[in-house]
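Let's take a walk through this one together. Have the fold open on your screen, and we'll look at some aromatic rings and then at a helix.

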Amino acid sequence: MSEELLRLSKRMSELGLCSRREADEWIAKGWVRVDGKVVSELGTKVYPSQRVTVERQAAAEQSKRVTILINKPVGFVSGQAEDGYKPAVTLIKPENRWDEDRSTERFHPTQLRSLVPAGRLDIDSVGLLVLTQDGRVAKQLIGEHTDIDKEYLVRVQYTKGDKLPEADLRKLNHGLWMDGKPLRPAKVYWQNDDQLSFTLREGKKRQIRRMCEMVGLKVIGLKRVRIGKVRLGNLPEGQWRYLLPEETF
């Protein structure tokens with residue numbers, strides 16, 4: 001079977017070198033080589049068997065890109081401003097940096113350029129939100145084939161009687177459909193009388209709230225406390241810190 005040609009930027013993303021947008025920037029700057037030859041034309045196609053390498057300048061630029069963790073409060077949107085609500089990135093300023101941030105990184109306004117949310121958190125939800133300049137981190141967290149789980153604490157009220165039946169709790173774990181497709185298995189259990197822990201490996205829009213509605217639960221509060229191996233911990237609401245070099249999702 002013959003090999004299929006791929007856009008170079010797509011191939012670089014597949015190889016985990018960078019995001020497609022970064023790839024296009026690097027190609028235009030002449031920082032990308034295919035089988036040892038510099039390629040500077042956007043839209044160039046390559047075979048998967050061809051060797052793709054990047055110049056040291058690309059790696060150096062990438063190493064300067066920051067990833068920031070914020071404890072998003074209610075009333076802020078994850079991405080672009082909408083309906084009069086401010087985006088979470090407006091909270092990233094020196095006075096909101098957590099006093100206990102152990103990173104030696106110094107804040108500079110250039111770090112706000114191309115700082116985008118790697119995943120979303122609803123306007124009425126709080127907790128861990130990741131904003132990054134690094135296309136590799138974004139791909140890892142929201143790429144098509146991501147398998148990183150996210151943990152939420154969800155305060156609920158049962159609207160159909162005294163207590164959620166065990167059969168419905170099992171449905172929350174596995175058995176519900178959304179948007180015409182079965183949901184992937186989740187891990188859902190009671191933390192206490194009115195709070196559930198949800199761990200999901202997917203992130204459909206308002207997924208937890210919609211799942212709860214399906215079994216008669218009303219969500220009173222929702223907080224994301226973990227993404228992969230990175231925890232919210234004691235980061236105060238409305239404050240932020242840098243992802244440490246030794247931390248990985």
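Ring pairing gives us a place to begin: there are two aromatic pairs in this predicted model. Take Phe-107 and Trp-240: their ring centres sit 5.9 Å apart and the planes meet at 55°, so this pair is tilted, since only planes over 60 degrees apart would count as edge-to-face. What makes it fun to look at is the sequence separation, with the two partners 133 residues apart. Phe-107 comes from the loop between strand S6 (67–72) and strand S7 (116–117), while Trp-240 belongs to strand S16 (residues 240–242).

The other pair is Trp-240 with Tyr-242, where the centres are 5.1 Å apart and the planes stand at 85°, so here the arrangement is edge-to-face. Put together, Phe-107, Trp-240 and Tyr-242 make up one aromatic cluster.

How buried or exposed are these rings' residues? Trp-240 is buried, at 0% relative accessibility, and Tyr-242 is buried as well, with a relative accessible area of 2%. Phe-107, at 23%, is partly exposed, because the cut-off for buried is under 20%.

Now swing over to helix H2, residues 20–28. Its buried residues are Glu-22, Ala-23, Trp-26 and Ile-27. Why do they end up on the same side of H2? Around the axis they cover an arc of only 135°. Turn to the face pointing away from that buried side and you'll find the exposed residues Arg-21 and Ala-28. Just past the helix, look for Gly-30, which follows H2 and has a positive phi, near 75°.

Methods
Residues are numbered from 1 along each chain as its sequence is written. This is a predicted model: local features need pLDDT of at least 70, side-chain atom pairs count only at pLDDT 80 or more; totals for chains, interfaces and linings use all residues. Side-chain values use heavy atoms; hydrogens and water are left out. Buried means under 20% relative accessible area, exposed over 50%, partly exposed in between (1.4 Å probe, protein chains only). Helices (H or I, at least four residues) and strands (E, at least two) are DSSP runs, numbered from the N terminus. The arc is that of the directions from the helix axis to the C-beta atoms. Rings of Phe, Tyr and Trp (its six-membered ring) pair if their centres lie within 6.5 Å; planes under 30 degrees apart count as stacked, over 60 as edge-to-face and the rest as tilted.
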